[in-house]
Every structure is written in structure tokens, then in C-alpha cells.
Amino acid sequence: MWDVLKVRALVREEGLKQSMRVFNWKELKILHGTGEYLMFDNRNKRNLTRRKALSLLGVGAGSIAVQAAFPTRFAIGGDAKIKIGTLLPYSGTYTWLGESITNSFEQALSSHGGKLGGRNFELIKVDSEAKPPKAAGLTNKLIDQEKVDFIVGPVHSGVAMAMTKIAREENMMTVIPNAGANQVTGPLCSPNVFRTSFSNWQPGHPMGKVLLEEGKNTAVLCYWSYGAGKQSAEGFKDSFVQGGGKVLKEIGIPFPKVEFQAALTEIAAIKPDAVYVFFAGAGAVKFVKDWAAAGLKDKIELVGPGFLTEGVTQAQGDAAEGIRTTLHYADTLDNAANRKFRAAYKRAFGKEADVYGVQGFDAGQLIRAGVDSVRGDVSAQYDMIAAMERAVIDSPRGKWVFSPAHNPVQNFYLREVRGGVNEVVRIAMENLADPARGCRA
Ligand code: PHB
């Protein structure tokens, strides 16, 4: 049967990118299985019938030419490896995060005899360096040169923006195991793009509520002033300011700079009830240590999304003790999947697992659910996506499902660092979904 997804690939092969790139998924959903499809020419804002589409592509109305160009999986054979490109930071401030994701992603894939849908797979690892200007080139390289079947990445929201725009246009199956850019599951939402982590709005949102419940009504916000930090602050304000709290000052620090002295001096003078910060990786280590060294630790409450203390408590030492954060994971979550995951991680890598690993692990579980459902035939994209949308991920964070925009609906926990461990205090918000503003899924 003629398959619109194959035509999409033909569009790519033939370089007919300008005339037809993005199709309206709703139309496809409605008509899928009837043998006829309507496609939407996004650029010219008009529907294309199958015949018109084929004539635009320069092939006859018959399906022979299309089928000849696209051998079925039986012709491909079971030997061809599924190719997965990881676009993650393996150098720079976010190195720890990229490595943690990769470790757990590989662990998830290597279960079940190391096969996906009965096929072998290979990873092509690309260092994003967490540098947005490099993202488009690296994404294109994975698609055009490496011809990957999936992209898994990135960590940094700016990299995610550039990558997702291309993934959308090229209809590239993509799983985001960290970057929280709200747009990815907002205005840029797309059938082929899934996220197994969070939107930037999510982890900050419960913290505003927690502070207000404790009678803490004034806050200073301090964050890396790129997409993730700004959107995290917005998520916090959506509950804190809406509930009557007052933000006395917002201090932005350019990413990935770690010169915090001027900000700390200003905060000490303002004396708010709490300081909400967004820093992660090496930047989080430095901020928490500087905070303690400046003598602020017992004077003002330091809070944030849990990235502040994820994977870094050993390096932060005593300075991290007692810090409370909100996140969709905590080391001590008491469920079977978490116990198994943490023990396996420690055995394999000789260190404690963290939220980044959890997100990578779930990216692996998600890809397995999709590829297994089509028994390795990744060209059956419609069915694969449908299976991924239906997946209930048995995660170390607890079971979760996707929102219609392909972002996790999940619990957010209030945690506290005790003895270097991010312990659960309580659920701060249950089954919290991102508002997905602007997504027309
Ligand atoms: C992001 O850029 O989206 C980002 C980076 C690191 C984190 C969380 C979010 O820990």
C-alpha cells in the first residue's frame, strides 16, 4: 500500500524540500488506514491529494515507482543495524549530564539480548558541547551523513531549539532525554519528537507552592540567563507570584559563566525569604560552594529545581547538606524499578545514578517500546509513533505516561540533601502536566 511516510522520505531523497516538507499530522491520523491520504503543504497552506503530491514529486500516479524506491523491511533484511545518534555534551559544563544519560541509555538498550525489535543497533555519539551555534550542523550530519534512524539528545535547551526545528522538518524520530525548552512540546510539538525528561516550566512550578505554604513570601531569582534558566524562573513565578509571593529581584548570569560573587553580595543585601536558582552540572557545584563560603547557608533559604543537587552532591560536600529542591526524581524513591536501576548503575559505573541517568534510561525504554511494536521495521513510523504514545514507562521515577504534546505527566517531589543523598520529603505536585502552550497536537 502506498505510504505517505515513504513519500516523506522520498521528498528528502529527491531534495524537494522547498515544495513539501511538513504534513499535517491530524489529517494523516484521520485518513490513515483508508488507503487514501491528504497531505498538507505547510508552505503554501493547502491540502494536497495523493495524486497531486505524486505529480509534485515527479513520479506517476501509480505506486510502483514509490515502492521500488523503498524496499520493505524484508528487503532490508534483519542484519541492517538500527542507527541511533546521540547528540549530547561530552565536554564542557554539562559533561556529567551527557555521560550519565549515555550510560543509562546504553544500559536500557543492552537488556533483552541487546536487540531492538529483533535487530542489532549501533550508537553514533556526537559531542554537542552544549553549544547552540553548533547544533544545526551536528544534527544535519547525523541525518544526512550518518543516516540515523533516531536522534537522542540534547541536554541544553538552546541546542534543542535548533535540533528540533530540523528534526521536525526532516521527520526524524527524536527522543529528548533532558533539554527542557518549553517550545519543544509547545509551539514546536511534532509527532516524531518525544521528551522523556521535563519541560523547563515543570520542576520550578511546585517550588513556588512549597514556599508559600511555609509562609515564605519574598524571593530573589538567580539563573543562567538562557532559555532553560528563564523558563524555569517563569514556572516558579507561575505559582509563587500567582499565589501572592513577591519577586524582589531577578539576576541573570550568562551561560556557562560561574562568577557569582556580585550576585551573592546583592542577595545578602536584599535578604529575601528564599533564593530560587537554576544551575546544573559544574555550575551547580560552584554556586552551592560559593553560597556557603559567603556565609549565606544558615541565613537565607536556597531552593531550586533539583538540578542544583543532581549528580553533584559529592563534589559540593557539606555545602549541599539541607538544600531543598523540587524534581521528578529522588534517589530514595521506594519502588522496584528504582532499586534495580540504582543497583545496576552502581555495579556498572561505580558511582551513584541521578535524574539524568533516569531520563536516558527511559529514552531507551521508549525506543524499545516503539521498535519492538513494529518488529524492527522502523519505516513503519506511524505505527511506531502510536506505540510510543501509548507507552506506560516503568521508570525509576515511578510509572508515567505522555501528554498529547509528548512530554511526561509525572509527580514532582520535594527533596532534601541528607548525607549527600537527595531524599524524598513528600510529593509536592502529583501528575503535573506541562501546559503545552501553543502545541496543536
Ligand atoms: C536545559 O538547558 O534545558 C537544561 C540543562 C541542564 C539541566 C536542566 C535543563 O539540568
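This briefing walks through salt bridges, one helix, the ligand site and some backbone features of the structure above. The model is a predicted one, so please read every value here as computed from that prediction. Across the whole structure, a search finds 23 salt bridges. The ligand has 16 residues around it, and the protein covers 100% of the 280 Å² of accessible area that the ligand has on its own.

**Salt bridges**

Side chains of opposite charge can pair when their charged atoms come close. Here are some pairs to look for.

- E250 and K237 meet through their side chains in a salt bridge, with 2.5 Å from N to O. Because E250 sits in strand β9 (residues 246-253) and K237 in helix α10 (residues 227-240), this pair ties together parts that are 13 residues apart in sequence.
- The two partners differ in their surroundings: E250 is partly exposed, at a relative accessible area of 32%, while K237 is buried, at 18%.
- Helix α10 also holds D238, which forms a salt bridge with R437; their closest N and O atoms are 3.3 Å apart. R437 belongs to the segment after β16 (421-432), so the pair ties together parts that are 199 residues apart in sequence.
- D238 counts as partly exposed, with 24% relative accessibility, and R437 counts as exposed, with 56%.
- Another salt bridge brings together the side chains of E352 and R342, at 3.2 Å from N to O. R342 is part of helix α14 (336-349) and E352 is in the loop between α14 and α15 (355-373), so the parts that this pair ties together are ten residues apart in sequence.
- R342 counts as buried at 13% relative accessibility, whereas E352 counts as partly exposed at 40%.
- E214, K216, E301 and R324 are joined into one network by salt bridges that share partners.

**Helix α11 and its two sides**

An α-helix has 3.6 residues a turn, so residues three or four places apart point the same way. With that in mind, have a look at α11.

- Which residues of helix α11 (residues 261-270) are buried? They are A263, L264 and I267.
- Seen down the axis of α11, these buried residues fall within an arc of 95 degrees, so they line one face of the helix.
- On the other side of α11, the residues A262, T265 and A269 are exposed.
- What do the buried residues of α11 pack against? Their partners are β8 (218-224), β9, β10 (274-278) and α12 (281-293).
- K271 follows α11 and has a positive phi, near 55 degrees.

**Around the ligand**

- V155, S157, G180, Y226 and Y356 come nearest to the ligand, out of the 16 residues around it.
- Two backbone contacts involve oxygen of the ligand: a polar backbone atom of V155 is 3.4 Å from a ligand oxygen atom, and a backbone N or O atom of G180 lies 2.9 Å from a ligand oxygen atom.
- Y356 uses its side chain instead: an N or O atom there is 2.9 Å from an oxygen atom of the ligand.

**Backbone features to look out for**

Most residues other than glycine have a negative phi, and most peptide bonds are trans. The places below depart from that pattern.

- G153 and P154 are joined by a cis peptide bond, with omega at about -5 degrees. P154 is found in the loop between β5 (150-152) and α8 (157-169).
- F255 and P256 are also joined by a cis peptide bond, with omega at about 0 degrees. P256 has its place in the loop between β9 and α11.
- E129 has a positive phi, near 60 degrees, in a residue other than glycine. You will find E129 in the loop between β4 (121-127) and α7 (132-145), where E129 is partly exposed with a relative accessible area of 24%.
- N171 is not a glycine either, yet its phi is positive, at about 55 degrees. N171 lies in the loop between α8 and β6 (173-176).
- Is N171 buried or exposed? At 12% relative accessibility, N171 counts as buried, because buried means under 20% relative accessible area.

Technical notes: Residues numbered from 1 in each chain as written. Predicted model: local features only at pLDDT ≥ 70, side-chain atom pairs only at ≥ 80, totals over all residues. Heavy atoms only, no water. Salt bridge = Lys/Arg side-chain N within 4 Å of Asp/Glu carboxyl O. Helix = DSSP H or I, 4+ residues; strand = E, 2+ residues; numbered from the N terminus. Buried < 20%, exposed > 50% of the residue type's maximum accessible area, 1.4 Å probe, protein only. Arc of directions from axis to C-beta. Contact = heavy atoms within 4.5 Å. Near = heavy atom within 4 Å. Polar contact = N/O pair within 3.5 Å; in protein donor to acceptor, adjacent residues only side chain to side chain. Areas by Shrake-Rupley, 256 points an atom, 1.4 Å probe, with all protein chains shown as cover.
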